[in-house]
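Visitor: Could you walk me through this one? I have a few short questions.

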Amino acid sequence: MAIKKRSLRVPTRGRVPLAELGQAGDAGARAHYDDPAYYTKAYASRRSDVRLYIELAAEYGWPVLEFGVGNGRIALPLARTGIDVVGVDLSEPMLEDLARQLASEAESVQRRVRWQHGDMRSARVEREFPLVIAAFNTVLHLYEDGDIEAFLANVRQHLAPGGRFAFDWSVPRPSELARDPKRSFGAPPFRHPTRGRVRYRERFEYDPIRQVLLVEMQFHPERGAGWTVPLTHRQFFPREMDAWLHHAGLVVEHRFADFEREAPGPDVDSLVYVCRRAEDPPRAEPAG
Ligand SMILES: C[S@@+](CC[C@H](N)C(=O)[O-])C[C@H]1O[C@@H](n2cnc3c(N)ncnc32)[C@H](O)[C@@H]1O
């Protein structure tokens, strides 16, 4: 979420320092997912990625394995389209919310979704998949070199011969990484699903050595005490991501900009990569 309006100087006391954040499983990787109702509301208008993942499943097949399934923002629409999904996630609140939502779906949809609590770096699902996905910045929760290596090795282990790994992530923007960490940036007030009308601000702090960006979400309700939520994202520059994939024995077949299958240009916000194992042949394109 890039918010640039109404800059304000804010005190620095009472915050979790960035130096203590940015490890898999810590508050920066979890806190944002402790509130699934807010998560659902905040990203309700995000639809183009859902559409693309449905198209990819139609092209490459299913069941789909989704690492970082969350509360099913992608998995539920996949299942409603007739696609079987297995999800893995580290957040119990998100998985509980997925289960709650699933309970009100048609039985045919309920049968298509399976999930397990686990860490994407190590979780094992006892089968191989024609399509493995990690949607909406899930890979930005891989902070250390060993985390990335372990995750990509795990993806490979779950790919069926000829299978594809598709994922998307926000491309770092130098101007955003350079924002003053002593300032916060306001957005219009909104109605929080459980706390009523809330004023909202964000503060950004970047560690250029670890390449970890902290987004500190600041919530100020009209009644009661405010709260802050840290969200830490590893920043992957595209050439660096290419190198990690190559190192893991994965070949990038497609690079799409912003879910529209456009070639990436200088204004790209998110990249979508579709990869195959290096030992698998490229897919024969339909004649036409
Ligand atoms: C931005 S959310 C994406 C959720 C869902 N795919 C979507 O598109 O809405 C990232 C998800 O990754 C999960 N996650 C973070 N670190 C993880 C890890 N090490 N292993 C498994 N899941 C993790 C979070 O709990 C969260 O549900």
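Visitor: How do the residues of the shell around the ligand divide into nonpolar, polar and charged?
Guide: The shell has eight nonpolar, six polar and four charged residues. Ala, Val, Leu, Ile, Met, Phe, Trp, Tyr, Cys and Pro count as nonpolar, Asp, Glu, Lys and Arg as charged, and the others, Gly among them, as polar. This is a predicted model, where local features need pLDDT of at least 70 and side-chain atom pairs count only at pLDDT 80 or more, while totals for chains, interfaces and linings use all residues. Residues are numbered from 1 along each chain as its sequence is written, and side-chain values use heavy atoms, with hydrogens and water left out.

Visitor: Which residues are the closest to the ligand?
Guide: Y39, E66, G68, D89 and M120 are the closest of the 18 that surround the ligand (a heavy atom within 4 Å).

Visitor: What does E66 do there, in distances?
Guide: A polar side-chain atom of E66 is 2.8 Å from a ligand nitrogen. For G68, a backbone N or O atom is 2.7 Å from a nitrogen atom of the ligand.

Visitor: New topic. Which peptide bond is cis?
Guide: The bond from W62 to P63 is cis, with omega near 10°. P63 sits in the loop between helix 3 (48-60) and strand 2 (64-67); helices (H or I, at least four residues) and strands (E, at least two) are DSSP runs, numbered from the N terminus.

Visitor: And what is the phi of Q211?
Guide: Q211 has a positive phi of about 55°, although it is not a glycine. Most residues other than glycine have a negative phi, and most peptide bonds are trans.

Terms used. Polar contact = N/O pair within 3.5 Å; in protein donor to acceptor, adjacent residues only side chain to side chain.
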